[in-house]
Amino acid sequence: MSETDRLRLQSKRHVFSTGRTQGGNAFSLGQIYHMLTNPVYLGTIRHKDQTFEGLHPAIIDQAIWDRVHQHLKSASARRRGAAAGQATGSDAPLKCKVRDETGDILTPTHTVRRGKRLPYYVSNRLISGGTDPTGWRLPAQAFEDAVVRAISDHLQDHADRHAVLGTCDATRSEIASNAVGDLAKTIRTETAQPACSLISNIVIGHGRLQIAVDQTALAAAVELKTDDLHASLYAIDVPFTCRRRGVETRIIAGDRAAATDETLLRALRNAHDWAECLKSGEPLKTLAQRVGHSERYIRRVTSLVSLSPKIQSAILDGTQPLEMTLETLVRADIPLDWSHQEQRFGFGK
């Protein structure tokens, strides 16, 4: 961005019939990233996940394109692979953009644990005023990942439904939907910066995550006018869940993708295997010696066979409630009635 600022490069300026103006501003990181990854400058055109030879001449050669993309990939790898806190200001791309339900801003901060610098977004009142049970303390990487996913899913959904333009235009709708779909893919596969550059502000609280999209930034990223895009593209409102699991905090924004808990899944399989062994007459003490676990542990795990078919299917599919772990199940007094089980462990009807 420093080079574009030095050259005083600006986005295209539009003047509407009403006298309103749009554009003519310095390029954002998202706009620059979109230009650097747009194959049209290489003499090709993109359609969904494929590129084809265009009828227009290239304005850059393949060698330059390859060097630029190698640099982008290297930067992306450093961002994903670096230990928390090793980078500079880019480690907090959501700085000054997030507020909680009270209007309090979430401030980037960090703690050091075992020599590692762990970044967080924390309600400002927890920093300036001490303890407050309503305050938020979110692991930065997990929260940023959840925000990125919410934005990419939102854009992809509109692209898939061809609900990108505010007016009905079959020809332009296909082009616009492809552009928004490409942007969604870029956001999913690269660093958090392209997504965060599209954000005007975020509000979290009451089980919801609300993201206001910067209209100018989004329109520029897909090379359209703000008035062309459907108004629903600029507002994202999705479920927001934050759960503590041991030392890990899991954050889910939007519809939760299936995520198999391998520990829980392995325990369920063991439960059925061990229950069959006990039914066939193998003594508990012998079974414990053979599998290398205590008799008490085997008793606790085999109790999982009494879980309802709905709960067991969810564990197999990875769609069990986020807070359901092996520890919570073996420590619980599992009701015999299946409907009571499902109610107790957070399964809907």
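Is Thr37 buried or exposed? In this predicted model, Thr37 counts as buried, because its relative accessibility is 10% and the cut-off for that class is under 20%. The residue sits in the loop that connects helix 2 (29-36) with strand 3 (44-47). Once the neighbours within four places in sequence are set aside, the contacts of Thr37 are Arg46, Trp65, His69 and Leu72. A further relation links Thr37 to a remote part of the chain: Thr186 is 149 residues away in sequence, yet the two C-alpha atoms are 8.8 Å apart in space.

A convenient place to continue is the sheet built from strands 6, 7 and 8. These three strands form an open sheet in the order 6-7-8, with antiparallel pairing. Strand 6 and strand 8 (137-139) are its edge strands, each pairing on one side only. On average, and with direction ignored, neighbouring strands of this sheet are turned by 35° against each other. As a general matter, strands of a sheet pair through backbone hydrogen bonds, in either a parallel or an antiparallel sense.

The two pairings can be followed in turn. Strand 6 (residues 106-113) and strand 7 (residues 116-123) are joined by eight bridges in the antiparallel sense, and one partnership across them is that of Leu106 with Ser123 in strand 7. The same two strands make a hairpin with two residues between them. Arg114, in the turn of this hairpin, has a positive phi of about 55°. On the other side, strand 7 and strand 8 run antiparallel and are joined by three bridges; here Tyr121 has Leu138 in strand 8 as its bridge partner. Helix 5 lies across strand 7 and strand 8, and runs at about 80° to strand 8.

Backbone angles offer another view of the model. Most residues other than glycine have a negative phi. Against that background, two loop residues deserve a look. His162 is not a glycine, but has a positive phi of about 50°. The residue belongs to the loop between helix 5 (140-160) and helix 6 (170-189), and is partly exposed, since its relative accessible area is 41%. Glu223, also not a glycine, has a positive phi of about 60°. Its loop runs between helix 8 (215-221) and strand 11 (235-245). With a relative accessibility of 47%, Glu223 counts as partly exposed.

Technical notes
Residues are numbered from 1 along each chain as its sequence is written. This is a predicted model: local features need pLDDT of at least 70, side-chain atom pairs count only at pLDDT 80 or more; totals for chains, interfaces and linings use all residues. Side-chain values use heavy atoms; hydrogens and water are left out. Helices (H or I, at least four residues) and strands (E, at least two) are DSSP runs, numbered from the N terminus. Buried means under 20% relative accessible area, exposed over 50%, partly exposed in between (1.4 Å probe, protein chains only). Contact means heavy atoms within 4.5 Å. Two strands pair if DSSP finds at least two bridges between them. Axes are lines fitted to C-alpha atoms, for helices over the stretch in contact, and angles run from 0 to 180 degrees between N-to-C directions.
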